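Subject: A structure for you to explore

Hello,

Here is the structure I promised to pass on to you. Have a look around in the viewer, and then read on for what I found.

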Amino acid sequence: MKTKVLLGIASFSFTVVGAFAYGAWTFRALEDRMVAVNNLYVPAMKALNQMESSFFLLESDLDKSLDEGILRPRDSLESVLNSRLEYLSNLAKEQRARDPLVGQSVQELEDSYRACAELLLRVYQDWRGRQTYEADLSAKRSDFRVKLKSLIRSIDHETRQVTSRVQDGLSRLRFMLTAVLAFCCLMTVVLSYWLAASVRPLEVLAELMRNISQKGLDETIVRKLIELPGGSDEVGSLSRESQKMAASLLDKSKALTEQKLNLERAHQELARQNEELKSTQAKLLHSEKLGLVGRMAAQMAHEIRNPLNALNLHTELLEDQLRSDPELRAGVEPLRKEINRLIDVTESYLDLSRGPRLKKAPVQLNEVAEEIHDLYEPLLKEKGIFFTCDLGDLPPLTVDRAQFSQLLGNLVKNASEAFEGSARSAKYVRLITHFQPEKNLVSVSVMDNGEGIPIDQQKNVFTPFFTSKAQGTGLGLTFSRQVVEAHGGEMIFDSAPKQGTKFTLKLPHGVEDLQKESEWKAAEQRS
Ligand SMILES: Nc1ncnc2c1ncn2[C@@H]1O[C@H](COP(=O)(O)OP(=O)(O)OP(=O)(O)O)[C@@H](O)[C@H]1O
Ligand SMILES: [Mg+2]
């Protein structure tokens, strides 16, 4: 492009300088011609015209003298002739210096005039014999006249020719200047258009660079860069370099995006593994705590189980002895049942460490629920809590009855303790059972309208030893969930502070239950 611009400027300057040189040369030539006309032809013409008029006067004077035969005074004639001759001689000298040809003609004219003048003076000197000179004088006079006229004509012709050449030169110069001006205008337009066309890719390039800095590099911009014209000039090489740069940047950007994706994937994987680690840690902690519980339970079992067994034995003996008094015997029966339950509870604490040892049998959970209701109802009534059962139609479930009984007892006890510090007038606890045949799911819920569990404590309620109560162990819910999960079910809760809590256990009614159910029904029919 630089070469093209330099070439353009050079040709432009060459044209303008050429035009100026030609114009100056033409003006110079025209000036010379005008000077020649002014200094040579105009004064010569003026002098010759005067010479012609004075010669005409002289001739008419002479003719008059010859006609009248009167001799005019000779002195004045001689001085007139001499002054004319001197004038002609000066003119010849002057013209010779400027134009030898014209000078030569004037010289010839001077000679002719001199011959004429000499003859004329001789006529005056020899007035009587003038007849002899008359013919010669007439010939010389006409020769002078002819020469004079011819010189006047040639100078006039020359003047006209020079004037016409000057006019031609002027019109040529005008034409040439107009042509140069038109050429310059055309060159300016062409150069402007060409420069604009050459610079256009630069504008597009600048726009694309602006887009890259604002929005980043993408394939559309690279495509536009590739579409830029790739000439052999500087703009073309800039376009090509930009294309290479954009392509390499795009490659790097793609590689970076790929690396970013990989990093994101790695980060997600790390987060997932971290979550797993946390959950494993929580399980480990849980297991540790359960281990501690197990050890405690084992100690308790040693301390409590044997005296309880002894108590149980004594109660059975007492029952036997009171066989004759059914009223007293009926009073001892609940005592024995509670002692048995305590034995079972002790066993279940042992189960926390070694996992519950399930003694599964087909159980009607509604019966267990009713027993719990009967057991706790008087207690809750004393506290002003209205305890009701809402029992749905349940299929028998193959579960450990004692553990479920203890589990429901825990939930009802918790519910009854949820009213501590409550100013509520209508307090209630509800035990609800429900069967969803389409999901083969049995759910048992214990619901209260007590104080609810504070939001920040809700995540801890299943943690072993977590308790908000002065006398609590914090093991009730831990044990309950363990039992439910050992039966393949799950335990959830929903609680709103100051409104109440609902614990629900969901138990699957599986193939085992169906088998046991049919066996059970068959046994019932047999009996
Ligand atoms: N129905 C409920 N309403 C309000 N809070 C409850 C309810 N059930 C459980 N909680 C909260 O969960 C905690 C843990 O209960 P969990 O039964 O495991 O132990 P505990 O009742 O404190 O002790 P323990 O069962 O030995 O008497 C309770 O201390 C209590 O804060
Ligand atoms: Mg409890």
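What follows is a short tour of the sheet, the helices that pack on it, a few single residues and the long helices. Please keep in mind that this is a predicted model.

**The sheet**

A good place to begin is the open sheet, which has 5 strands in the order S2-S4-S5-S7-S6, with mixed pairing. Which strands stand at the edges? They are S2 (385–391) and S6 (490–496); each has a single partner strand, so one side of each is left without a neighbour in the sheet. From one strand to the next, the twist averages 10 degrees. As a reminder from the textbook, strands of a sheet pair through backbone hydrogen bonds, and the pairing can be parallel or antiparallel.

Now zoom in on S4 (residues 427–436) and S5 (residues 441–448). These two strands pair in the antiparallel sense, over 8 bridges. If you would like to trace the pairing by eye, find His434, which stands opposite Ser443 in S5. Another pair to look for is Ile432, with Ser445 of S5 opposite.

S5 also pairs with S7: the two run antiparallel and are joined by 8 bridges. Here you can look for Val446, which stands opposite Phe503 in S7. Is S5 mostly covered or mostly open? It is mostly covered, with 7 of its 8 residues buried.

**Two turns to look at**

S4 and S5 form a hairpin, with 4 residues between them. Asn440 lies in the loop between these two strands, and its phi is near 55 degrees, a positive value in a residue other than glycine. Why point that out? Most residues other than glycine have a negative phi. Asn440 has a relative accessibility of 34%, so it counts as partly exposed.

There is another such residue in the loop between S6 and S7, namely Lys498. Phi of Lys498 is near 70 degrees, again a positive value in a residue other than glycine. With a relative accessibility of 58%, Lys498 counts as exposed.

**Helices on the sheet**

Which strands does helix H8 lie across? H8 (residues 365–382) lies across S2, S4, S5 and S7 (500–508), and it runs at about 170 degrees to S2. Helix H10 (residues 476–486) packs on the sheet as well, where it touches S6 and S7. The direction of H10 makes about 140 degrees with that of S6.

While you are at H10, look for Ser480, which has its place in that helix. Is Ser480 buried or exposed? Its relative accessible area is 0%, so Ser480 is buried. Leaving aside residues up to four places away in sequence, Ser480 touches Leu407, Asn410 and Met491.

**The long helices**

Now move to the part of the chain with H3, H4, H5 and H6. Helix H3 (residues 100–125) and H4 pack at an angle of about 160 degrees, and their axes are 9 Å apart. An angle over 145 degrees counts as roughly antiparallel, and H3 and H4 are therefore roughly antiparallel to each other. Their crossing is left-handed. The residues of this contact divide into 15 nonpolar, 2 polar and 8 charged.

H4 (residues 130–215) also packs with H5 (residues 219–226), at an angle of about 165 degrees and with the axes 11 Å apart. That angle makes H4 roughly antiparallel to H5. H4 passes H5 in a left-handed crossing. On the H4 side, the contact is made by Leu205, Leu208, Asn211 and Ile212, and on the H5 side by Ile221, Lys224 and Leu225. Those residues divide into 5 nonpolar, 1 polar and 1 charged.

One last residue to find is Gln273, in helix H6 (residues 234–321). Gln273 has 40% relative accessibility and so counts as partly exposed. How far apart are Gln273 and Arg114 in sequence and in space? They are 159 residues apart in sequence and 141 Å apart in space, C-alpha to C-alpha.

Enjoy looking around, and do write back with any questions.

Best wishes

Definitions and conventions
Residues numbered from 1 in each chain as written. Chains lettered and ligands numbered in written order. Predicted model: local features only at pLDDT ≥ 70, side-chain atom pairs only at ≥ 80, totals over all residues. Heavy atoms only, no water. Pairing = 2+ DSSP bridges. Axes fitted to C-alpha atoms, helices over the stretch in contact; angles between N-to-C directions. Contact = heavy atoms within 4.5 Å. Parallel < 35°, antiparallel > 145°, perpendicular 65-115°, else oblique. Left-handed = near helix turned anticlockwise from the far one by under 90°. Nonpolar A, V, L, I, M, F, W, Y, C, P; charged D, E, K, R; others polar. Buried < 20%, exposed > 50% of the residue type's maximum accessible area, 1.4 Å probe, protein only.
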